[in-house]
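Open the model in your viewer and keep the selection panel at hand. The stops below go from the whole chain to single side chains.

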Amino acid sequence: MHIVIGQSFFMSWKVLGMQMIDNLKLIKHSIKVAFLSYILAQQMNLSKKQCKNIFIAGLLHDVGKLKLNQSILNKKCKLSEKEYEYIKLHVNLGVQILKKYKISESIYKIVEQHHESNDGTGYPNGLKKDRILVEARILRIADVYDALTSNSSYRKKYTKKQAIRIMKDDEII
């Protein structure tokens, strides 16, 4: 695992460069999502390659947010519908960045699908469960869990128990 993690960090920093240094919150979130995704993938007996890919995708899943207006991204109150639609662009922007740096399709597809929902209401492509990669479903769980159990610019963090209840109610898990 140590070699996988070391190589993954190197590759991720090559893509991100120094852009993320000013956004320590995003770095922390990405690292937590990467590790949680990796552990979940191992628990589900995914292959070593799938586990490595999900770890790398976890590190890079929000790279597109670097291209967004940070004042909207870090807004202290609820986003308007227009602002929410703007934030959703981070997925396609991230995929564009990953393709530019020649990140493998198996990794950027996980990133591309990490906001898809089993019922087809997710974004950017409205995929349903059977069309969503298992790695992307795992990444979504880790992403939502970390978002709920971390303080945000507009609310206090939930407890682990509250986060799991919210995720069950929203059919994320």
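Begin with the whole chain. Of the contacts in the protein chain with a separation of 6 or more, 58% are between residues 24 or more positions apart. The model is predicted. Colour by secondary structure: the protein chain has 9 helices and 0 strands, in the order α-α-α-α-α-α-α-α-α along the sequence. Switch on the surface next. The accessible surface of the protein chain is about 10,200 Å², and carbon and sulfur atoms account for 56% of that area. Of the 173 residues, 43% count as buried.

**The main core**

Select A41, A57 and L98. These residues have the most contacts inside the largest nonpolar core, which has 29 residues. Add the helices α2 (24–43), α3, α6 (90–100), α7 (105–113) and α8 (134–148), the elements that give two or more residues to this core. The most comes from α3, with 7 residues.

Now centre on A41 and show its neighbours. Leaving out residues up to four places away in sequence, A41 touches L46, C51, I54 and I138. Another core, of 5 residues, lies apart from the one just shown; L148, A163, M167 and I172 are among its members.

**L60 at the end of α3**

Select residues 48–60, which make up helix α3, and pick out L60. Is L60 buried or exposed? L60 is buried, since its relative accessible area is 0%. Draw a distance from the C-alpha atom of L60 to that of I27: the two are 9.4 Å apart, with their positions 33 residues apart along the chain.

**Helix α7**

Move to α7 and colour I107, Y108, I110, V111, E112 and Q113, which are buried. Then show α3, α6 and α8, which are included in what covers the buried residues of α7.

Stay on this helix and select E112 with K109. Their side chains meet in a salt bridge, 3.2 Å from N to O. E112 and K109 are 3 residues apart in helix α7, so about one helical turn separates them. E112 is buried because its relative accessible area, 14%, is under 20%. K109, with a relative accessible area of 28%, is partly exposed.

**Other charged side chains**

Side chains of opposite charge can pair when their charged atoms come close. The chain has 6 salt bridges in total. Select K75 and E83: this salt bridge is 2.6 Å, N to O. K75 counts as partly exposed at 23% relative accessibility, whereas E83 counts as buried at 18%.

Next take K88 and E85, whose side chains meet in a salt bridge of 3.1 Å, N to O. Here K88 is buried, with a relative accessible area of 19%, and E85 is partly exposed, with 37%.

For a charged residue without such a partner, go to E135 in helix α8. Where is the nearest side chain of opposite charge to E135? R137 is that residue, 7.3 Å away, and E135 is buried yet has no salt bridge. Display the surroundings: not counting residues up to four places away in sequence, E135 touches L46, Q50, I54 and I110.

**Aromatic rings**

Show the rings of Phe, Tyr and Trp. There are 3 aromatic pairs. Zoom in on Y38 and F55, an edge-to-face pair with 5.8 Å centre to centre and 85 degrees between the planes. This pair links distant parts of the chain, as Y38 is in helix α2 and F55 in helix α3, 17 residues apart. Both Y38 and F55 are buried.

The last stop is Y84 and Y123. These two also form an edge-to-face pair, 6.4 Å centre to centre with 85 degrees between the planes. Y84 lies in helix α5 (residues 81–87) and Y123 in the loop between α7 and α8, so the pair ties together parts that are 39 residues apart in sequence. Y84 counts as partly exposed at 37% relative accessibility, while Y123 is buried, with a relative accessible area of 13%. Before leaving the rings, add F35 to Y38 and F55: the three form one aromatic cluster.

Terms used: Residues are numbered from 1 along each chain as its sequence is written. This is a predicted model: local features need pLDDT of at least 70, side-chain atom pairs count only at pLDDT 80 or more; totals for chains, interfaces and linings use all residues. Side-chain values use heavy atoms; hydrogens and water are left out. Helices (H or I, at least four residues) and strands (E, at least two) are DSSP runs, numbered from the N terminus. Buried means under 20% relative accessible area, exposed over 50%, partly exposed in between (1.4 Å probe, protein chains only). A nonpolar core is a set of buried Ala, Val, Leu, Ile, Met, Phe, Trp, Tyr and Cys residues joined through side-chain atoms within 4.5 Å. Contact means heavy atoms within 4.5 Å. Accessible areas come from the Shrake-Rupley method with a 1.4 Å probe; for residues, only the protein chains shown count as cover. A salt bridge is a side-chain nitrogen of Lys or Arg within 4 Å of a carboxyl oxygen of Asp or Glu. Lys and Arg count as positive and Asp and Glu as negative; His and the chain ends are not counted. Rings of Phe, Tyr and Trp (its six-membered ring) pair if their centres lie within 6.5 Å; planes under 30 degrees apart count as stacked, over 60 as edge-to-face and the rest as tilted.
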